Structures are given as C-alpha cells and as structure tokens.
Amino acid sequence: MAYLTDIEIAQQCEMKPITEIAEKAGIDDKYLEQYGKYKAKIDLSLLKESDRKNGKLILVTAITPTPAGEGKTTTTIGLADGMNRLGENVCVALREPSLGPVFGVKGGAAGGGYAQVVPMEDINLHFTGDFHAIGAANNLLAAMLDNHIHQGNELGIDVRKISWKRCVDMNDRQLRYVTDGLGGRINGVPREDGFDITVASEIMAVLCLSGSITDLKERLSRIIVGYTYNDEPVTAGQLNAAGAMAALLKDALKPNLVQTLEGTPALVHGGPFANIAHGCNSVTATKMAMKLADYAITEAGFGADLGAEKFLDIKCRMAGLTPSAVVVVATVRALKMHGGLDKKALNEENLTALEKGIPNLLRHVANIKNVYKLPCVVAVNRFPTDTDNEIDFIIEKCKELGVNVVLSNVWAEGGKGGEELAKEVIRLCNEEKGDFTFSYEDDTTIEEKIEAVVKKVYGGDGIIVTPAAKKQIDKLTELGFSSCPICVAKTQYSFSDDPTKLGAPDGFKVTVRNVKISAGAGFIVVLTGDIMTMPGLPKRPAAERIDIDENGMISGLF
C-alpha cells in the first residue's frame, strides 16, 4: 500500500488564516505580530496582562529511542487534536526544528502522517528567523571576544582556555576544529577554535529559559566564554556584549503561533540540544500555552531518562511548573529492537523480541510514577507495519503488569486516532493527583546530584568520576555553582553510558569524564562520553532529495 509522504499530506491541508487560530486561542489582535498569512509571533505582554487561570500541563516523553523511531512529536500533536475533537480547549507547545537534521539524516520535525503542524515547509526551514537570531548573537559574542584579545586583552584572557565557540545551524563536520586568526597581526590572534550547531549554543538554552528581556540580559551577562591566565572565569558581561546580544534576540524571545492539520493552536518555539542542554521548547511558550488553554501539551527530547528527567529536574524547577500527567510513547518496533531484534527484521512479527524489550518501557514508567510521582499513561504509537497480534500482545502485557496503556493511531488517523488517549489523559489530569518530586534537591553536592540521577533514573549502581572531572567539580564548587541543577549528557540509546546496552540494563556505573558550567542557562553540564555538538552529514543526506519547482512547491522535505 502506497502512503502519502508527510510533505504531501501537509501540502493538501487547507490552512486557516493565523488570525482565526489566534481568535480560537483567545489571543487579542494587539498581541499578534503576523509573519505572512499562516505564522505569527505573540507579544510577551500577554503573559503579564492575562488574568486567565493556568491550564493543566501534560508532558509527552518516550521509551529509550532507537533508529526505528518512536513518534513523540506525532503523538503530542495527535493527542492535542484528539482533545480538540472532544471539544476541549487545548494548545500544543513544541520545539523548532534545526536545519542540520532537516538536511541530514532525520528529516523534518513537525510531526508525521496526519498529525503535523503547518506550514510544515516554513517550520522546517527558516520559520520566523529565531535560529538565525540565536546564531547572530552567538557569533557577535565570539567576534567581541576575539576583538578584545586583538585590541590588547585587558582582561588577560588565556587563548588556550577559551570555551566559547562560533555556531552555524547546519551539519558541517569540517568546522568542528579550526585554526583561525591567521594571516598576520591585522587579521587577529591565531588560535584553535571550532563551531557548534546553533541548537547546541548556550544562547539557545538561555533563550528557552528566559522569561523576559531583563531575565535574558542577566543570563547572557553570566555566560562564561573562557578563563584568564589566573584561571578566573571571563563572562559576556565583562565584554559588555549582553545588551547588543539581547537586541538581536528581542523578537526571537516571542513564541511563534502556528496550527495543526486540524486547526489546533500550536506554539513552536526554541529547540535546545537534548544532551548538553535541556531539550524542551521555551518556558515562555509553555507558560503561554497554559495561559491560553485548559490543557497545554508539550514534549521533551529523547527518552524519558534524558528528556523527561531534564524537563522535570531543570525546566520545571527553574520555571515553577508542575505537570498534571505524563504520556510515555512506545512503539512495537522500538521495543523489538530493545529485545535484541535487528533493524532489518523489524517488519516481521516477533512476539518474543517484543516481550524481551518491554522491561525498557517498564523502567521509564516506574521512574515517572515512583521517582517523580506523577500520573502516567503509555501510548502505543501504531506504525503501519505493526501486526494486530503485536499490538494486542503489548497492550495485554502492559495491563498484566499493571501499566496504564492506550493505543494511539494518530499517524494514520490524526485526531480521531488520538481520542482514546485524549480521554485517558483528561481523566488522569482530573481524577488522579500527583505528588511531584524532583530526583535530587538543590542543596546536595554536584556528585550527589549525578549519583541520584544515575541510581534513581538510569537504574545504575553509581558513578566513576575521572580525575579531570573531579578537578572541574571542585573548581565549580569553589566558584559557587554547586547549587545549580545538573544536565547529564550521555548516549540517548541506553539507560547506561554504553549505547550497546539496550533494554533495561543493570549493574553498571556511569563514568563522568567532563563537567562544565552553562552559567547563563544556570545548569551544570555533565559529560559522560564524546557528545557531538557539530553533527556531520551522512553519505546520502536528505538535502539531496529536496527540491523546489518553478511554482515554489517544495518536495522531498521528509
């Protein structure tokens, strides 16, 4: 059976003017800044001036990801459309896609099938220019840093200890490590340098955690760009860069309003890396969704051990948010991979592999219910290749084990396929009370926080801290950063720091190799391995399949 591609489905949608979507969401015209017919930004003053009671917050997360795909964004959008069909007042809040994955391996990130946000092409490409603004602010700081050194280096910055990189929103491995400032004295100071992809810039995390221009400027000022010869931190504030950076970011700070295929209001804003940052859309977009609707649905990157953990331990802690319910997305395909099945055999029915993979799902569910103490439902996201036997097996197995589970068929049916999930989420929000708890407290040491996440969330036995990481922890403690939350950067493919350990491994320890501060964002990044902050393109990048005709119709975009 031939299926329409995501872009073909999106292009068949008759979108409503964004003014209609704004009216449906209760947004007064004075807060709306239109970007063409189908996109708009919402002024931040709406949050201050609205006296509407906040709606309930719902987090969509997933089991440990596999190359087979889980469909978190698709489920998030389909759940919102399902609620909309039931007559509920709902708004969805999502991350913006990065151009790197769009042109690389992953393709677009606006949902899939009949559960998408539109205009899909715009959202996946330049959108409203937020990422360009972030890149410009990042590179302005880099330029001012190097200019300061060139003009006499009043602060005594050690060029061997510069931590700030330039960025570009593209997968470009050639730029990972570069030497710049060549060509003689007038062309700068020669030094080793490098580029990150824009979503890995600390400015992305700062933007997504800032609640106002004032908050943004304060956070930008705190960003550490390097260290002096005396090993003292040097900040963007000391370089007098924060004001100009904030000026570049003033419009990017405002959430973007679009719509789903079924006309549900959607805020798409920000997109920090889900490894070295917290992997969620902006705090502002989440709070605005809660202010506009009775139910605000959002998602977090990667599996629940990374995305949900950071959403709950970092974002909710900093923003004072408490979710009313959590949806854990699982797929038959991914569970079969966690059960040891090769990716090439996923289209074949295999109940044995499915049963072996279920412990991965159970651990994620147990974490949400027992560590964070929140109401939870598993959404089995149906793929066209799943057999009825496999779907029935996983649902019965979950019920047998006392796991709350609902079938979701939003990829094929849109909101209609999400109605049963919507009903259960509404029930959880209104009938089950959580007792939201963090996995660690602010006043514990950096090492105790890391150990708490590893033991409580990953299911490991503890941590191994390398001598280099211990030295960094001691330095950050000395500088007064020990009360910050931690952001663990590890492989997304396993609960452990070894991507080959699938399922629900135990008896492992996580090795802490590097610890650094994102002082502007306000969290400590804990690196457990080599985390790629500038991806490369594959042998056959998605960009080779993307084209545009003389009428402006784009094809091949996922």
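These questions and answers concern one open sheet of a predicted model and the helix that lies across two of its strands. In this predicted model, local features need pLDDT of at least 70 and side-chain atom pairs count only at pLDDT 80 or more, while totals for chains, interfaces and linings use all residues. Residues are numbered from 1 along each chain as its sequence is written, and side-chain values use heavy atoms, with hydrogens and water left out.

Q: Why are S7 and S12 called paired strands?
A: Two strands pair if DSSP finds at least two bridges between them, strands themselves being DSSP runs of E with at least two residues, numbered from the N terminus. S7 and S12 (residues 224–228) are joined by 2 bridges, so the criterion is met, and they run antiparallel. The partners in S12 are Gly226 for Ile162 and Thr228 for Ile157.

Q: How do you know that S12 and S13 pair?
A: They share 3 bridges in the antiparallel sense, which satisfies the requirement of at least two. One of the partners is Thr235 in S13, which faces Ile224.

Q: What makes S7 and S13 edge strands?
A: In the open sheet the order is S7-S12-S13. Strand S7 (157–162) and strand S13 (233–235) each have a single partner strand, so one side of each is left without a neighbour in the sheet.

Q: Why is S12 called largely enclosed?
A: Buried means under 20% relative accessible area, with exposed over 50% and partly exposed in between (1.4 Å probe, protein chains only). Of the 5 residues of S12, 5 are buried, so the strand is largely enclosed by the rest of the structure.

How values were computed. Helices (H or I, at least four residues) and strands (E, at least two) are DSSP runs, numbered from the N terminus. Contact means heavy atoms within 4.5 Å. Axes are lines fitted to C-alpha atoms, for helices over the stretch in contact, and angles run from 0 to 180 degrees between N-to-C directions.
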